[in-house]
Amino acid sequence: MFVDACLPSDPAGSMRERLETLQRFGFAAVCWDTEITGRFDSRHRCSSRRVNVAHTSRGGDVAASSAARSSAAASSAASSSPSPPIRELTRLTLHLEEESNAWALHGAADALNSYDVVAIVPQSEGALERCLQSPLVEMIDLIAIPGHERPPFTLRRAICRKAVKVNVSHLFSHMPHAPC
């Protein structure tokens, strides 16, 4: 199963075309991403719209190995069965520059819950530590660390262990101009 966890939610863009392309390649899900930097307003609500592409592309079973993926891609072109619809999710990516930005999220549970996936991109060690504490850690699905550049703070072993211990998923982006 392929999932694109970070497509910009661009109301003026070609969301339908991107979704149709991903469906043709056998993707099972996509997250329409909204990015916010700095302080998060607790009155904010998800405004991403879903495209709901018709089942026009052809699909096949997609296995985990790259060889099986190549084989499945080749057979999907010849297959006559329609592929299942792509599951569309909404994702909020919060770039938290300071620990105070993380503290401001405490009263924003309703706003965060209006998204299917909540990701944080910590810009300081204090912001990351705050996000790993209760009750905020229960509202976060993903910690995103840009891997294409040096993080703005040192990732200490103890904080990495804590992140693993609290069972928050991690994403390292390796593409230079792609958001996490």
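Visitor: Where does pLDDT stay under 50, and how many contacts beyond four places in sequence does the model have there?

Guide: The model is predicted. Where pLDDT is low, the predicted coordinates should not be read in detail. One such stretch is residues 174-180, where pLDDT stays under 50 and the model has 18 contacts beyond four places in sequence. Another is residues 55-80, also under 50, with 32 contacts of that kind.

Visitor: In which helix is confidence lowest, and in which is it highest?

Guide: Helix H2, residues 66-78, has the lowest confidence of the chain, at a mean of 39. Helix H4 has the highest, at 91. Over the chain, pLDDT averages 74, and 72% of the residues score at least 70.

Visitor: How many helices and strands does the chain have, and in what order do the elements run from the N terminus?

Guide: The chain has six helices and six strands. Read from the N terminus, their order is β-α-β-α-β-α-α-β-α-β-α-β. Of the contacts between residues at least 6 apart in sequence, 77% join residues at least 24 apart.

Visitor: Which strands do bridges join to E4, and how do they run?

Guide: Strand E3, residues 87-96, is joined to E4 by six bridges, and the two run parallel. E4 is also joined to strand E5, residues 142-146, by two bridges, again in parallel. As for single pairs, Leu94 has Ile120 of E4 as its bridge partner, and Ala119 has Leu142 of E5. Between E4 and E5 the chain passes through helix H5, residues 125-131, and this β-α-β crossover is right-handed. Ile120 also stands opposite Ile143 in E5.

Visitor: How many residues of E4 are buried, and which point one way and which the other?

Guide: The cut-off to keep in mind is that buried means under 20% relative accessible area. Strand E4, residues 117-122, has six of its six residues buried. Val117, Ala119 and Val121 point one way, while Val118, Ile120 and Pro122 point the other way. E5 is mostly covered too, with five of its five residues buried. On one side of E5 are Leu142, Ala144 and Pro146, and on the other are Ile143 and Ile145. For the chain, buried residues make up 37% of its 180 residues.

Visitor: How many residues has the largest nonpolar core, and which have the most contacts inside it?

Guide: In soluble globular proteins, nonpolar side chains tend to be buried together. Here the largest nonpolar core has 27 residues, and Phe40, Leu94, Leu96 and Ile143 have the most contacts inside it. E3, helix H4 (109-113), E4, H5, E5 and helix H6 (157-165) each give two or more residues to this core. Apart from this core lies another, of eight residues, including Leu19, Trp32, Val51 and Ile86.

Visitor: Which residues does Leu94 touch, not counting those up to four places away in sequence?

Guide: Leu94 touches Ile36, Phe40, Leu105, Leu112, Ala119, Ile120 and Val121 on that count. Ile120 in this list is also the bridge partner of Leu94 in E4.

Visitor: Turning to polar residues, is Glu88 buried or exposed?

Guide: The relative accessible area of Glu88 is 6%, so Glu88 counts as buried. Glu88 lies in strand E3. Its side chain is joined to that of Trp32 by a polar contact of 2.9 Å. Glu88 and Arg49 lie 39 residues apart in sequence, with their C-alpha atoms 9.4 Å apart in space.

Visitor: Where does Asn101 lie, and what does its side chain reach?

Guide: Asn101 lies in helix H3, residues 99-103. Asn101 counts as buried because its relative accessibility is 5%. The Asn101 side chain reaches the backbone nitrogen of Glu97 at 3.3 Å. With neighbours within four places in sequence left aside, Asn101 is in contact with Gly38, Arg39 and Leu96. Leu96 is also one of the residues with the most contacts inside the largest nonpolar core.

Technical notes. Residues are numbered from 1 along each chain as its sequence is written. This is a predicted model: local features need pLDDT of at least 70, side-chain atom pairs count only at pLDDT 80 or more; totals for chains, interfaces and linings use all residues. Side-chain values use heavy atoms; hydrogens and water are left out. Buried means under 20% relative accessible area, exposed over 50%, partly exposed in between (1.4 Å probe, protein chains only). Helices (H or I, at least four residues) and strands (E, at least two) are DSSP runs, numbered from the N terminus. Two strands pair if DSSP finds at least two bridges between them. A crossover is right-handed if, with the strands pointing away from the viewer, the path from the first strand over the helix to the second runs clockwise. A nonpolar core is a set of buried Ala, Val, Leu, Ile, Met, Phe, Trp, Tyr and Cys residues joined through side-chain atoms within 4.5 Å. Contact means heavy atoms within 4.5 Å. pLDDT is the predictor's confidence in each residue, from 0 to 100. A polar contact is a pair of N or O atoms within 3.5 Å; within protein, one must be able to donate a hydrogen and the other to accept it, and residues adjacent in sequence count only if both atoms are side-chain atoms.
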